[in-house]
Protein chains: 2
Amino acid sequence: MAIIVQKFGGSSVATPERIMRVARRVVETKEAGNQVIVIVSAMGDSTDDLIALAKAITDKPQAREMDMLLATGEIVSISLLAMAIDKLGHGVVSLTGSQGGILTEEVHGKAKIMEVNPERIHAELDNGNIVIVAGFQGVTEAGEITTLGRGGSDTTAVAIAAAMQADVCEIFTDVDGIYTTDPRIVPKARKLSTITYDEMLELASLGAQVLHPRSVELGKEYGVPIHVRSSFNHNPGTLVQEVSDEMGKEQMEKELMVSGVAYDMNVAKIGLFDVPDKPGVAMIIFKALAEARVNVDMIIQSAMRDNRNDIAFTVVQDDLETAVKVVEDVQKQIGGGAVAFEDNVAKVSIVGAGMISRPGVAAKMFEVLANESINIQMIATSEIKVSCVVMATDAKRAVVAIHEAFGLEAGEAANNEGFAS
Amino acid sequence: MAIIVQKFGGSSVATPERIMRVARRVVETKEAGNQVIVIVSAMGDSTDDLIALAKAITDKPQAREMDMLLATGEIVSISLLAMAIDKLGHGVVSLTGSQGGILTEEVHGKAKIMEVNPERIHAELDNGNIVIVAGFQGVTEAGEITTLGRGGSDTTAVAIAAAMQADVCEIFTDVDGIYTTDPRIVPKARKLSTITYDEMLELASLGAQVLHPRSVELGKEYGVPIHVRSSFNHNPGTLVQEVSDEMGKEQMEKELMVSGVAYDMNVAKIGLFDVPDKPGVAMIIFKALAEARVNVDMIIQSAMRDNRNDIAFTVVQDDLETAVKVVEDVQKQIGGGAVAFEDNVAKVSIVGAGMISRPGVAAKMFEVLANESINIQMIATSEIKVSCVVMATDAKRAVVAIHEAFGLEAGEAANNEGFAS
């Protein structure tokens, strides 16, 4: 008998009617002969309502008490879903994070899962029950209630799937799966049938909102196949899984070199000129930024000239003001030059495990942008990703052109080829 | 340092503003040099809202899942109150029933507390923290969440006060304390400064809504002084406590023979005529009623006549129809006579530990009713209570007359004397 983990987000359980619909979907899976574990988030906006209550009392709620408060949202969902499944005539039990054995570190608001103790879940499945576990929450060894922060319920689902050695972890969303790019920009964007963990990680951190990077990392670490699919239909979605060496060689040739095109409009660029070329200078700059809690994304250091470097980096636009102040101070301190910044920029990226073995992918992307007369301001690459910073006004045109050039449209033959380097 | 337990009900924490007010009251008690443990109920109507959500899904929610759902209400309250107390600059920690060591039997919806494990509470108090514990909920040995049913938060408060050997358990309500009778009927009703557990028990089961009988029983068993007082002012309320033998003799002479007059309009009377006078007949009647889940209050069997008895009893009005059907069947089965019923009746009672040692109290009550030309339909007595069933239309007049006759008005000398038998 297969073990299937199913995760439903807050909008899927926003009302009693929607909870009944989720119950029917869960029961269907059970009746198909599987053991089913369900993870749910809090109903609709209920977490926001709880936060509003806390804010009505204090601007600075203690993190421990905030966790105590927010954890109730998922407990409401699990008990209601259990009632709905019981009504459909199936044995069911709901478990809090604590009862479900979700052991976390002793950090509030963004705890990491240390361990899943699956004894209770196993026992309930063996009794023929459908098991519902509250997402987003756990418990410390000392019995304190914690929450997992952003992407928490996805992470709970994948962690339980790993601990239970589940056959698949299904993440139900309001989209059909992972697309080659944003269908709002490219209507012919194609749904991917499979994607590797690394590709999904890059896409997720580049702004694809469907799966949180934490859950993908966990899935990769434990080899949990993650099926991202729609809660509105029964179409197969996108399967996130490792491509084994054997499979890989065979599949890779059928698969696209580039799996997707991502873009991020929330980018600001900062340039530091004439930074002294001495050991420790980069450390001084980026440590100061970290202390000011600025998250730095891309970093580029240009070739040295007269013992001076130019350094550029990107941040999210909200952090721009803080970041500029920090680096102006640092430049004075280390005897550097001027600081420039720009917030009308965007980042366009291509992601694909296929590009590892194919040279010239980056060059092809640059050629496409050149043909469109789009100027590239910064470039960063990883093994499976190439990102370019361009003018914000050029971003969507860049996505459309790249998506077409790599043959990602629905219905197109997957014939994109490496650009000979 | 004194240990004080304070319990605030749902209306006291219905809004963020009211939660801030409760926080100030708690902090006051702490700043007066006490260790403070606070028990709170769910905010305002939030429990009803949760029940409505469950009802929107199913008519028959499983008791276990209902407990899981309802327990969230108190967890919201404790975390918000902790934030409010923290804002006022005091160390504070909120604890769920489970974290607070409230161990219950394995029954859902109306679990009884088996044990309070006070280790965590002690540790937090020793750290200088104010401790907030969720009312109405507990946990079984197996880790299942339970709720305590009606009067649950009062019971939590008294149980914790007992386990912590607290100096007093303060129950905050929207009234000033326990009155000699309902002030809406007798505006001159007097607030009692003290009352015994037994008196409070009788008053509570006679309809005084302030304290649930369960909490009073628990208080009596463990000798916890319970202070019923207003959350709107600092007036002393009514102290529920045992009168020790030493204190008793001294106090009893100062105290009233009758402490209060209670009434209950939700009464229906059923009469069974010509019931065969054989062993086991009463058992047959009242077992049948119990099996039909009818709660019987007063039972009276008249003197035997020709080997036949008349039996009368009272029930709440909602149970009248069911009860009549049951006893009509039973009368046929055992060869009894007719069944009569009446729902326009009420029960008027006097309660007082003082009547144990003073003869004639009941007779005085009957005299007062006779002087008012109020006919008594049934009488039941206990050591500290006399109840009379009268016509519903006579009930309020009876309360006023009895209250006056026993000298219970505010400002009156407490000079009521036993009626010589």
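A residue counts as buried when its relative accessible area is under 20%. Keep that cut-off handy for the views below, which all come from a predicted model.

**View 1. B:Ser259, a buried serine in a loop of chain B.** Start with the loop that runs between helix 8 (245-254) and strand 13 (260-276) of chain B, since that's where B:Ser259 sits. Is B:Ser259 buried or exposed? Its relative accessibility is 4%, so B:Ser259 counts as buried. Look for the company it keeps: setting aside neighbours within four places in sequence, B:Ser259 is in contact with B:Thr180, B:Leu192, B:Glu199, B:Val351, B:Gly352 and B:Leu408. With B:Glu199 there's also a polar contact, side chain to side chain, at 2.5 Å. Now find B:Ile384: in sequence it is 125 residues apart from B:Ser259, but in space the two C-alpha atoms are 9.8 Å apart.

**View 2. A:Glu199, a buried charge without a salt bridge.** Hop over to chain A, where A:Glu199 is part of helix 6 (residues 197-205). This glutamate is buried, and no salt bridge goes with it. How far away is the nearest side chain of opposite charge? That side chain belongs to A:Arg190, and it is 10 Å away. What A:Glu199 does have is a polar contact of 2.5 Å between its side chain and that of A:Ser259. Beyond residues up to four places away in sequence, A:Glu199 touches A:Ser259, A:Val351, A:Gly352, A:Ala353, A:Gly354 and A:Ile384.

**View 3. Where chain A and chain B meet.** Each side brings residues to the contact: 39 from chain A and 39 from chain B. Together the chains bury about 3,000 Å², with 67% of that on carbon and sulfur atoms. There are two salt bridges between the chains. One of them links the side chains of A:Arg120 and B:Glu144, with 2.9 Å from N to O. You can also hunt for polar contacts across the interface, where 10 residue pairs turn up. On the chain B side, helix 1 (16-31), helix 2 (46-57), helix 3 (63-87) and strand 3 (92-95) each supply at least two residues. Which of the elements gives the largest share? That's helix 3 of chain B, with 16 residues. Sorted by class, the side of chain B that touches chain A has 24 nonpolar, eight polar and seven charged residues.

**View 4. Helix 12 of chain A and what covers it.** Helix 12 spans residues 395-405 of chain A, and its buried residues are A:Ala395, A:Ala398, A:Val399, A:Ala401, A:Ile402 and A:His403. A handy bit of background: an α-helix has 3.6 residues a turn, so residues three or four places apart point the same way. The cover over the buried residues of helix 12 includes strand 13 (260-276), strand 16 (339-351), helix 11 (361-371) and strand 18 (385-391) of chain A. Just after helix 12, A:Gly407 takes a positive phi of about 65 degrees.

**View 5. Positive phi at A:Arg293 and at B:Asp274.** Most residues other than glycine have a negative phi. A:Arg293 isn't a glycine, yet its phi is positive, near 60 degrees. You'll find A:Arg293 in the loop between helix 9 (281-291) and strand 14 (296-301) of chain A. With 73% relative accessibility, A:Arg293 counts as exposed. B:Asp274 isn't a glycine either, and its phi is positive at about 50 degrees. B:Asp274 belongs to strand 13 of chain B. Its relative accessibility is 30%, so B:Asp274 counts as partly exposed.

Terms used. Residues numbered from 1 in each chain as written. Chains lettered and ligands numbered in written order. Predicted model: local features only at pLDDT ≥ 70, side-chain atom pairs only at ≥ 80, totals over all residues. Heavy atoms only, no water. Contact = heavy atoms within 4.5 Å. Buried area = accessible area lost by both parts, 1.4 Å probe. Salt bridge = Lys/Arg side-chain N within 4 Å of Asp/Glu carboxyl O. Polar contact = N/O pair within 3.5 Å; in protein donor to acceptor, adjacent residues only side chain to side chain. Helix = DSSP H or I, 4+ residues; strand = E, 2+ residues; numbered from the N terminus. Nonpolar A, V, L, I, M, F, W, Y, C, P; charged D, E, K, R; others polar. Buried < 20%, exposed > 50% of the residue type's maximum accessible area, 1.4 Å probe, protein only. Lys, Arg positive; Asp, Glu negative; His and termini not counted.
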